[in-house]
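Reader: Got a minute to go through this one with me? I'd like to take helices, core and pockets in turn.

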Amino acid sequence: VKSKHLRAIAELNRTAALTGKKEYRAAVEILKELAPRVKKMPSVEMVRRLNLCLNYFYLKEYKEAETLYKDSEALFRKYKENAFYKKNFTILDLFLDLCCYGKKEGVAERIQEARKRYPEKQLQEDFDYLEELLEER
């Protein structure tokens, strides 16, 4: 049983690498395939759903992202304030507000605040992309 869990986690880590290389479609396919294998591991399932939402946003598949987010709210709520995941939820919430709910007011300020709080290179790229989307709207 442990090896199944380890394989699933290894696959999840591989999808993060694919996302980092901007291979969003490949990441989405693997994340979808992982669903039945991780549903009994809540923290792994949460990361799978979170990453899937983010990949949908990068693919501009906003309806899928919003639907998955809404279906995941109860699970996400358990982890949203966790220091390790908070930065990812900050980005996800910015995408949701901008791309699904059409909220522009205050988003530029929220991006700037998040930029200061989370200096990691990958996150800075996410903030750059969010700013591009904000300018397009």
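**Helices, core and pockets**

Author: What covers the buried residues of α2 includes α1 (2–20) and α3 (42–58). Buried means under 20% relative accessible area, exposed over 50%, partly exposed in between (1.4 Å probe, protein chains only). Helices (H or I, at least four residues) are DSSP runs, numbered from the N terminus. This is a predicted model: local features need pLDDT of at least 70, side-chain atom pairs count only at pLDDT 80 or more, and totals for chains, interfaces and linings use all residues. Residues are numbered from 1 along each chain as its sequence is written, and side-chain values use heavy atoms, with hydrogens and water left out.

Reader: Which residues of α2 are buried?

Author: Y24, A27, V28, I30, L31, L34 and V38.

Reader: And how far does α2 reach?

Author: 20 Å from its first C-alpha to its last, over 15 residues (24–38). That is close to the 21 Å expected at 1.5 Å a residue. The expected span is 1.5 Å times one less than the number of residues.

Reader: Switch to α5. Why call it largely enclosed?

Author: Twelve of its 15 residues are buried, so α5 is largely enclosed by the rest of the structure. Among the buried ones are N88, T90 and D97, along with F89, L92 and F95.

Reader: What covers them?

Author: The cover for the buried residues of α5 includes α3, α4, α6 and α7.

Reader: What follows α5?

Author: G102, with a positive phi near 65 degrees.

Reader: Now the core. How many residues in the largest nonpolar one?

Author: The largest nonpolar core has 48 residues. M46, F57, L92, F95 and F127 have the most contacts inside it. A nonpolar core is a set of buried Ala, Val, Leu, Ile, Met, Phe, Trp, Tyr and Cys residues joined through side-chain atoms within 4.5 Å.

Reader: Which helix gives the most to this core?

Author: α3, with ten residues.

Reader: Why would such side chains group together?

Author: In soluble globular proteins, nonpolar side chains tend to be buried together.

Reader: Back to F57. What is it in contact with?

Author: Leaving aside neighbours within four places in sequence, F57 is in contact with Y62, A65, L92, F95, L96, C99, C100 and Y129. Contact means heavy atoms within 4.5 Å.

Reader: Pockets next. What volume has the largest?

Author: About 560 Å³. Of its 22 lining residues, A16, N51, L54, N88 and Q122 are the closest to its centre. A pocket is an open set of points on a 1 Å grid over the protein atoms alone, where a 1.4 Å probe fits, with protein on both sides within 12 Å along at least five of seven lines; lining residues have an atom within 4 Å of a point. Grid points are joined across faces, edges and corners, and a volume is the space filled by probe spheres set on the points.

Reader: Which helix gives the most to that lining?

Author: α3, with seven residues. By class, the lining has twelve nonpolar, seven polar and three charged residues. Ala, Val, Leu, Ile, Met, Phe, Trp, Tyr, Cys and Pro count as nonpolar, Asp, Glu, Lys and Arg as charged, and the others, Gly among them, as polar.

Reader: And the second largest pocket, by class?

Author: Three nonpolar, one polar and seven charged residues line it. The lining includes K80, E81, R110 and R117. α5 gives the most, with five residues. The volume of the second largest pocket is about 180 Å³.

Conventions:
Helix = DSSP H or I, 4+ residues; strand = E, 2+ residues; numbered from the N terminus.
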